[in-house]
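Visitor: I would like a close look at one part of this protein. Please start with its open and enclosed spaces, and then move along the chain from there.

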Amino acid sequence: MNFADSEIVNSILLEDGMTVAKDAESADVILVNTCSIRENAETKVWNRLKEFRSLKKTNSELTVGVLGCMAERIKDKIIEEEHLVDIVVGPDAYRDIPRLLAEVEDGRKAVNVLLSLEETYADIAPVRTTGNGVSSFVSIMRGCDNMCSFCVVPFTRGRERSRPLESILKEIRQLSDEGYKEVTLLGQNVNSYKDGENTFTTLMDAASMINPEIRFRFSSPHPKDFPDDLLHLIAERPNLCNYIHIPAQAGSDSMLERMRRPYTREQYLSLVQKMREIIPGVSLSTDIIAGFCGETEEEHYGTMSLMKEVGYDLAYMFAYSERERTLAYRKFEDDVPEDIKKRRLSEIISQQMNIQKKRNLTEVGKHHLVLVEGTSKRSDEQMSGRTDTNKIVVFDRMDFEKGDYVEVEITDTTSATLIARPIRKTTITEYYGAAVEA
Ligand code: 5AD
Ligand code: SF4
């Protein structure tokens, strides 16, 4: 989400006549887009700001700004105590950055952390200066009304609002004209997307028709109300990826209730079963929190057993990190000792690594359509890309290029990466057309 927001800020700054500096040392303005989701995300930002303090010492003209989720929470601390930052801009105030920058020219500080009920930056065409030119994010909504008890997002990003359908489709058409091959639709809670009669399913339907050679992903839906019609649409459209990120957070009813996640373990498991029935071979990933308030050993094993029962292809696993203003902060105690949180998280991670290794072994011998994203990090002689099911694959470079769709046969695996033999360059239409006929 921040990556997509930075592209909107790029657009606002370039429009205002600024240009991109080649590095921090030669910049007049440095803006840090921040995340508050967990303590360590904030710690990273503080460390970064301290690095910039030395640049401020050698360049008294340098303006440093903090954008995004940390803005509201720590605006007073940032400006008054630390002398690290000149401007603070909340996630709904990016249009105001040029004015704020002008305001600090005479050494004052400037702040705008107002949240909005309407702002979606719908009319701003993001400027994509840092992506790979193949995959891109498109933001479809902002904010979140779900109020999970552990989560600070509703407080930092404000109320949920959807971007007009037509502005989303326009952005995708533009990406298609620029040669992009993969679009990930983004929102804190995509299945509550709404624009008049349009739902997330009608949006996916319209988006996928723009160009059959662009594949689509989305992040993240909520398990409480995942629509059946979307599952059918994914099953029938070759360019809607057979991959769903469906955050469970925990595996026991008592814990889900404390987390204010309005579903039971049983309901979650039947959703997973339905996904697998309607989309055979769908790959699933999740978010999991270890050591939330009051977590008992039994609840921890509830989470472990849910993860085992589902057998996720991928999981993002975190130790609980208390966030001010959340319901958990106000009502519960962050009472799982740090060493127990760590132990539980590492049990969860090591079980997941084993599951992934086993799942990936079943891929050996199978064919996949891979979208090439670039050369592999390890070797220039290898290309790297992802399957429709979101698994990373590396294979010999030959004469394949970034943006090609390549049919591969998986020959070997680790828990994180598949290794493959490339077969031929192809297209989505040709590959799945042939697969359907076969
Ligand atoms: N502590 C740990 N993890 C958290 N997440 C959200 N809030 C917290 C928190 N306070 C995780 C959730 C969410 C993901 C984006 O971050 O798992 O799905
Ligand atoms: Fe946070 Fe829950 Fe909203 Fe996700 S759905 S952003 S976890 S409040």
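How do the residues of the lining of the second largest pocket divide into nonpolar, polar and charged?

Guide: This is a predicted model. The lining of the second largest pocket divides into 19 nonpolar, ten polar and six charged residues. That pocket holds about 1,200 Å³ of space. In total, 35 residues line the second largest pocket. Nearest its centre lie S6, I30, L31, V32 and N33.

Now look at which elements build the wall. Three elements, α1, β1 (29–34) and α2 (39–58), each give at least two residues to the lining of the second largest pocket. The largest share comes from α1, with eight residues.

That makes α1 worth a closer look. The helix α1 has 14 residues. From its first C-alpha to its last, α1 reaches 20 Å. That span is close to the 20 Å expected at 1.5 Å a residue. Now consider burial along the helix. The buried residues of α1 are A4, D5, E7, I8, V9, N10, S11, I12 and L13. Just after α1 comes G17, with a positive phi of about 100°.

The helix also takes part in an enclosed space. The structure holds one cavity of 30 Å³ or more. The volume of the largest cavity is about 70 Å³. Its lining has 13 residues, and those closest to its centre are I8, P126, S139, R163 and E171. Two elements, α1 (2–15) and β5 (135–139), give two or more residues each to this lining. I8 is thus a link back to the helix: I8 is among the buried residues of α1, and I8 is also one of the residues closest to the centre of the largest cavity.

By class, the lining of the largest cavity has seven nonpolar, two polar and four charged residues. Domains come into the picture here too. Domain 1 (2–112) and domain 2 (135–361) each supply at least three residues of the lining of the largest cavity.

Next, the backbone on the way to β5. Y121 is in the loop between β4 (110–112) and β5. Y121 has a positive phi of about 55°, although it is not a glycine. Is Y121 buried or exposed? Y121 counts as buried because its relative accessible area is 1%, and the cut-off for buried is under 20%.

A second residue of this kind lies further along. N390 is not a glycine, yet N390 has a positive phi of about 70°. N390 is found in the loop between β16 (382–387) and β17 (392–396). N390 has a relative accessible area of 13%, so it too is buried.

One peptide bond also deserves a check. S219 and S220 are joined by a cis peptide bond, with omega about -10°. S220 lies in the loop between β11 (215–219) and α8 (228–236).

Last, the bound molecule. Around ligand 2 stand C144, N146, M147, C148, F150, C151, V153, P154, Q188, H222 and R261. By class, this shell has seven nonpolar, three polar and one charged residues.

To retrace the route, go back to α1. The helix α1 gives eight residues to the lining of the second largest pocket, and α1 is also one of the elements that give two or more residues to the lining of the largest cavity.

Terms used. Residues numbered from 1 in each chain as written. Chains lettered and ligands numbered in written order. Predicted model: local features only at pLDDT ≥ 70, side-chain atom pairs only at ≥ 80, totals over all residues. Heavy atoms only, no water. Near = heavy atom within 4 Å. Nonpolar A, V, L, I, M, F, W, Y, C, P; charged D, E, K, R; others polar. 1 Å grid on protein atoms, 1.4 Å probe; cavity = no way out; pocket = protein on both sides within 12 Å on 5 of 7 lines; lining within 4 Å. Points joined across faces, edges and corners; volume = space filled by probe spheres on them. Helix = DSSP H or I, 4+ residues; strand = E, 2+ residues; numbered from the N terminus. Domains from an automatic or database assignment. Buried < 20%, exposed > 50% of the residue type's maximum accessible area, 1.4 Å probe, protein only. Expected span 1.5 Å × (residues − 1).
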